[in-house]
Amino acid sequence: MTHDQVEAMSMADRISVMHQGKIVQAASPIEVYRDPAAEFVASFIGDPPMNFLPAESSGSGRWTVAGQSLEGPVSGKNLKWAIRPEDLRVSDQGLGTGQDCGAIGSAYAGDV
């Protein structure tokens, strides 16, 4: 389910996501989609689901994710960086990493 599909649905003011018999998150549908409270929620909601990348703390709120330095929480422990596929953009600027990449699959997501 895409962000637009979640926004267009009129399922309820609040929804609850349960895992192993416990409520993991109870919030508006858009909040559950855009700001999931746990990795389970992020991986459960959306088609395709969120992508998770390991992030290593570089100190002072800087994190190394896929070879890139990004700003994030000022936490000393390692975490996972999560991003929804629709938030990714193809750029002709490149990242300067010298790594080639390409599509490994495709999925029909409706007419554009």
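## Exercises with worked solutions

Ala66 is exposed, with a relative accessible area of 57%, where exposed stands for over 50%, buried for under 20% and partly exposed for what lies in between (1.4 Å probe, protein chains only). The model is predicted, so that local features need pLDDT of at least 70 and side-chain atom pairs count only at pLDDT 80 or more, whereas totals for chains, interfaces and linings use all residues. Residues are numbered from 1 along each chain as its sequence is written, and side-chain values use heavy atoms, with hydrogens and water left out.

**Exercise 1.** Locate Ala66 and Gln20 in the fold, and state what is notable about phi in each.

*Solution.* Begin with the elements, for which helices (H or I, at least four residues) and strands (E, at least two) are DSSP runs, numbered from the N terminus. Ala66 belongs to the loop between strand 4 (62-65) and strand 5 (68-71), and its phi is near 50°, which is a positive value in a residue other than glycine. Next, turn to Gln20, which sits in the loop between strand 1 (15-19) and strand 2 (22-27). Gln20 is not a glycine, yet it has a positive phi of about 50°. Finally, check the surroundings: Gln20 counts as exposed because its relative accessible area is 73%.

**Exercise 2.** Determine whether the peptide bond from Asp47 to Pro48 is cis or trans, and place Pro48 in the chain.

*Solution.* Read omega, which is near 5° for the bond from Asp47 to Pro48, and the bond is cis. Then place the proline: Pro48 is found in the loop between helix 3 and strand 3 (51-59).

**Exercise 3.** List the salt bridges, and say which residues are joined into one network.

*Solution.* Apply the criterion, a side-chain nitrogen of Lys or Arg within 4 Å of a carboxyl oxygen of Asp or Glu, and the count comes to three salt bridges.

1. Glu86 pairs with Arg34 through their side chains, at 3.8 Å from N to O. This pair links distant parts of the chain, since Glu86 lies in the segment after strand 6 (79-83) and Arg34 in helix 2 (residues 29-34), 52 residues apart.
2. Asp87 also meets Arg34 in a salt bridge, at 2.9 Å from N to O. Here too the pair links distant parts of the chain, with Asp87 in the segment after strand 6 and Arg34 in helix 2, 53 residues apart.
3. Glu39 and Lys80 form a salt bridge at 3.2 Å from N to O. Glu39 is in helix 3 (residues 39-44) and Lys80 in strand 6, 41 residues apart, so that distant parts of the chain are linked.

Now look for shared partners: salt bridges that share partners join Arg34, Glu86 and Asp87 into one network. As a last step, read the accessibilities: Glu86 is partly exposed at 28%, Arg34 is partly exposed at 38%, and Asp87 is partly exposed at 34%.

**Exercise 4.** Identify the residues of the largest nonpolar core, and the elements that give two or more residues to this core.

*Solution.* Look for buried Ala, Val, Leu, Ile, Met, Phe, Trp, Tyr and Cys residues joined through side-chain atoms within 4.5 Å. The largest such core has seven residues, namely Ile15, Val17, Ala27, Val32, Tyr33, Val41 and Ile45. Strand 1 and helix 2 are the elements that give two or more residues to this core.
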